[in-house]
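Visitor: Good morning. Could we go through this structure together, beginning with how charged side chains pair up?

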Amino acid sequence: MRVFGGIPLLGEVVISGSKNLSLPALAASLLTDSPVTFRNVPRLTDIDSMLELLGYLGMNISTREDSSISVCTPDIKATEAPYDFVRKMRASILVLGPLVARCRKASVSLPGGCAIGARGVNLHLNALEQMGAEISIDNGYIKASAPNGLVGCDIHFPISTVTGTENILMAASLAGGTTRIINAAMEPEVIALADLLILMGAKIDGHGSSIITIDGSDSLHGADFRIMPDRIEAGTYAIAAAVTNGSLILKNCVYDHLSQFFDVLHLAGVDSKIISKTSENLDNIEVHRSGGDNRIIPVDVQTAPYPGFATDLQAQFMTLMTICNGTSSITENIFENRFMHIPELSRLGANISIHGKTAIVTGVKKLIGTQVMATDLRASVSLVLAGLMAEGETVVNRLYHIDRGYENIDQKLLACNARIERFSV
Ligand code: EPU
């Protein structure tokens, strides 16, 4: 993407449905042989990858024009998630819980490392083992079998894991007896997945707290479910308004999912307020810098599980801090390798040094456009944000990462005055 920087973004951005809810929600529909309809599913390559895998497993899928997807899996035709699917997207691990719960066996390629760190799945596997599954690793595949079905128990996650909690929520919904997930992830996506499962007939209590209790059911039924807005996409566009010293209205958001993040932006000198509600009770939020031309104020942040500062907004926030009036420290506590945007931001003139898991960002007056390389989804968008505020022209290479998680980003930015252009080399 070629980005011509220095133009304040002005206008409205309609926030799409959440990627990180759509992925487990689609996987959860494997738990029933009845139809499930999802509304507000974003068009993203990660969703396409998940649908390809689910189709391979036997799901019938119809995609409609209005971002609704109806699915039905009368029979599971394959219980194996092959390497070719899983290597494209780590979230493929989300089929493990549903497959073992429904078919009593599954074989899922080990995801392996990824750009942002080693990201094991040991916690998913230990939990399923505690529920009575036999697990082995064979030729790079996780083989899980529970010939007598999974049995509920107390699962204590030593660290908070989002997809780990989601896998066990789904598996426990069809297990025998009661499962308690202790130190469960509390992300809004986990809560919404539990809401979907409840709509499908599951008996779940405590989601949103650190202890979730699930009473297993014999079967689940179909549902019609609306995917909530993507809080990370909303947070990203909020930063786009701030870095360009523009003013954006983020339409169809849930303010509460971002209230801590907006508090941090406020400390940095960026204001956000709900200006209206939609007919579906979603929030339209206006975001702009509080002091007009004032420099961004440095803020120190540490990433943490929800409701802490989201690791998925760390790269974008760092882009904002590159132009702060002072020094900010940004600590990445979730993933060990999520600083790959730093050398690229430095190429644009940012002053950042890395000390273990902390980046010290000393603000500069401006960034200056040049060529940069995207390495993962959030890094790629942080470089587009940097390009939007840099002087002159920035070219972000390997931009395809961005299509995994940002629906229609070109059109959304163009509609707000950005000067960008996608091209192939
Ligand atoms: N971990 C383990 N073993 C496990 C599971 C996790 O060591 O079995 C570690 C991870 O390596 C990491 C930490 O636990 O250090 C937390 O990882 P978590 O399991 O919570 O991450 P995830 O479920 O793989 C989801 C999102 C990520 C987001 C993280 C953290 C989805 C599909 N993915 O990943 O989203 O960064 O939670 O909030 O929901 C993104 O959208 O760009 C993205 C990477």
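Guide: A definition is needed to begin: a salt bridge is a side-chain nitrogen of Lys or Arg within 4 Å of a carboxyl oxygen of Asp or Glu. R180 and D154 meet this description, with N and O atoms of their side chains 2.8 Å apart. Please keep in mind that this is a predicted model.

Visitor: Where do R180 and D154 lie?

Guide: R180 belongs to strand β11 (residues 178–182), while D154 belongs to strand β10 (residues 154–156). The pair therefore ties together parts that are 26 residues apart in sequence.

Visitor: Is R180 buried or exposed, or something in between?

Guide: R180 counts as partly exposed, because its relative accessibility is 32% and that class runs between 20% and 50%. D154 is also partly exposed, at 41%.

Visitor: How many salt bridges does a search of the whole structure find?

Guide: The search finds 18 salt bridges. Some of them share partners, and in this way R2, E393 and E421 are joined into one network.

Visitor: Which side chain does R404 meet in a salt bridge?

Guide: The partner of R404 is D46, with a distance of 2.8 Å from N to O. R404 sits in the loop between β23 (393–397) and α13 (409–414), and D46 in helix α2 (residues 45–57), so this salt bridge ties together parts that are 358 residues apart in sequence.

Visitor: What about the accessibility of those two?

Guide: D46 is buried, with a relative accessible area of 4%. R404, at 27%, counts as partly exposed.

Visitor: And which residue forms a salt bridge with D84?

Guide: That residue is R87, and the closest N and O atoms of the pair are 3.1 Å apart. D84 has a relative accessible area of 47% and is partly exposed. R87 is partly exposed as well, with 49%.

Visitor: Let us change topic. How many residues surround the ligand?

Guide: There are 22 residues around the ligand, and the closest are N122, T161, T163, D312 and I334.

Visitor: What do the side chains of N122, T161 and T163 do there?

Guide: An N or O atom in the side chain of N122 is 2.7 Å from a nitrogen atom of the ligand. For T161, an N or O atom of the side chain is 2.6 Å from an oxygen atom of the ligand. The side chain of T163 likewise has an N or O atom 2.6 Å from a ligand oxygen.

Visitor: How much of the ligand's accessible area does the protein cover?

Guide: On its own, the ligand has 830 Å² of accessible area, and the protein covers 86% of that.

Visitor: Which elements give two or more residues to the shell?

Guide: They are α1 (19–28), α5 (122–130), α6 (162–173) and α12 (377–389). The element that gives the most is α5, with three residues.

Visitor: What is the shell like by class?

Guide: The shell has nine nonpolar, eight polar and five charged residues.

Visitor: Where does the ligand lie with respect to domain 1 and domain 2?

Guide: The ligand lies between them, because domain 1 (2–16 + 229–421) and domain 2 (19–226) both give residues to the shell.

Visitor: One last residue, please: where is G291 found?

Guide: G291 is in the loop between β17 (283–289) and β18 (301–302). With a relative accessibility of 33%, G291 counts as partly exposed. The C-alpha atoms of G291 and G269 are 6.9 Å apart in space, although the two residues are 22 residues apart in sequence.

Note on methods
Residues numbered from 1 in each chain as written. Predicted model: local features only at pLDDT ≥ 70, side-chain atom pairs only at ≥ 80, totals over all residues. Heavy atoms only, no water. Near = heavy atom within 4 Å. Polar contact = N/O pair within 3.5 Å; in protein donor to acceptor, adjacent residues only side chain to side chain. Areas by Shrake-Rupley, 256 points an atom, 1.4 Å probe, with all protein chains shown as cover. Helix = DSSP H or I, 4+ residues; strand = E, 2+ residues; numbered from the N terminus. Nonpolar A, V, L, I, M, F, W, Y, C, P; charged D, E, K, R; others polar. Domains from an automatic or database assignment. Buried < 20%, exposed > 50% of the residue type's maximum accessible area, 1.4 Å probe, protein only.
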